[in-house]
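Here are some short exercises to work through with the model open in your viewer. Try each task before reading its solution.

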Amino acid sequence: MMKSSPSPRRRSRSRVSEADPPTVSCGLFIVFEVVCFLPTILLLVWSLYYAGGLAWDGSHLQFNWHPFCMVLSMVTFLSNGIVAFRVFPFHRRARKALHALIQIMTLVSAAVGLTAVFQNHQAQSIPHLYSLHSWCGLTVACLALMQWVSGALTFILPVLSAVKRADFKPWHTRIGVLIFFAAIATCLIGINEKMTFLGNHTHGHVSAVATDDSAHEHKPPAHYSDLPNEAILCNIVGVLLLFLTAIVFFIVSQPDYTSGDKLRGFQLLASS
């Protein structure tokens with residue numbers, strides 16, 4: 001029996017798919033990076049302008065490194081590592097190296113952030129790991145470390161066969177996305193916890209350097225205009241984190257966004 005040949009339309013579509021695999025557009029890439037870095041920039045503004053600055057002396061100024069480094073690590077770096085194979089216009093080997101480098105930067109930033117908060121609590125005689133945020137944060141950090149070790153053993157060092165690497169790859173991707181979602185939730189809990197401790201959602205504004213008993217009042221403001229700028233800034237950071245979560249989920253859930261060698265937008269710019 002003679003096999004029927006594929007239709008011209010199907011052959012044409014197949015040739016287009018092989019020659020120009022659909023990837024994330026340049027516009028979406030720009031939006032992603034803006035939303036990705038903006039929370040970190042705003043937290044740096046919070047640390048320098050509202051919270052008194054940064055230092056490494058055991059005081060509250062050392063604590064300010066914690067939110068900045070953890071968002072830089074678990075939001076900015078981690079999200080870029082997750083979508084590295086889908087958005088960056090490099091050869092696959094270059095994207096693989098970039099993915100590994102970003103994950104190393106993620107671990108280094110997280111180590112600095114965790115060291116800052118543990119040393120601060122030790123210097124100020126504050127109990128360690130007493131809140132939901134700290135429990136979730138330590139869990140996410142441990143999962144991220146395990147994910148990095150498993151990825152290094154699987155894809156960088158010649159430990160597993162090619163077949164086993166291919167079987168593990170989908171799970172590596174899914175676990176990484178779940179860790180990112182858990183990191184976002186942990187950041188939101190931490191922002192709310194910090195603002196509550198500072199009393200910034202109360203009638204009276206209490207700055208990050210205040211130590212009086214008014215910081216323990218938990219009454220909502222009588223009017224929205226009474227909400228301090230510091231609280232508004234941190235609320236904006238929280239909304240941006242949710243927006244970034246949606247963008248990352250959209251990118252990784254689209255089967256059409258494959259790991260092509262170039263972004264469509266960059267291809268169009270190069271050909272124009």
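Before starting, one cut-off is needed: angles over 145 degrees between N-to-C directions count as roughly antiparallel. Keep in mind, too, that this is a predicted model.

**Exercise 1.** Describe the secondary structure of the chain and the order of its elements.

*Solution.* Start with the count: the chain has nine helices and zero strands. Then walk along the sequence, and the pattern reads α-α-α-α-α-α-α-α-α.

**Exercise 2.** Find out how much of the chain is buried, and what its accessible surface consists of.

*Solution.* Of the 272 residues, 40% are buried. Turning to the outside, the accessible surface is about 15,500 Å², and carbon and sulfur atoms account for 68% of it. A look at contacts rounds this off: among those between residues at least 6 apart in sequence, 72% link residues at least 24 apart.

**Exercise 3.** Work out how helix α5 and helix α6 are oriented and which residues join them.

*Solution.* First, locate the pair: α5 spans residues 92–123 and α6 spans residues 132–156. Next, take the geometry: the packing angle is about 150°, and the axes lie 11 Å apart. The angle is over 145 degrees, so α5 and α6 are roughly antiparallel. Their crossing is left-handed. Finally, list the partners: α5 contributes Lys 96, Ala 100, Gln 103, Ile 104, Leu 107 and Leu 114, while α6 offers Ala 141, Ala 144, Leu 145, Trp 148, Phe 155 and Ile 156. Sorted by character, these contact residues comprise 10 nonpolar, one polar and one charged.

Key: Residues are numbered from 1 along each chain as its sequence is written. This is a predicted model: local features need pLDDT of at least 70, side-chain atom pairs count only at pLDDT 80 or more; totals for chains, interfaces and linings use all residues. Side-chain values use heavy atoms; hydrogens and water are left out. Helices (H or I, at least four residues) and strands (E, at least two) are DSSP runs, numbered from the N terminus. Buried means under 20% relative accessible area, exposed over 50%, partly exposed in between (1.4 Å probe, protein chains only). Contact means heavy atoms within 4.5 Å. Accessible areas come from the Shrake-Rupley method with a 1.4 Å probe; for residues, only the protein chains shown count as cover. Axes are lines fitted to C-alpha atoms, for helices over the stretch in contact, and angles run from 0 to 180 degrees between N-to-C directions. Angles under 35 degrees count as roughly parallel, over 145 as roughly antiparallel, 65 to 115 as roughly perpendicular and the rest as oblique. A crossing is left-handed if the near helix is turned anticlockwise from the far one by less than a right angle, and right-handed if clockwise. Ala, Val, Leu, Ile, Met, Phe, Trp, Tyr, Cys and Pro count as nonpolar, Asp, Glu, Lys and Arg as charged, and the others, Gly among them, as polar.
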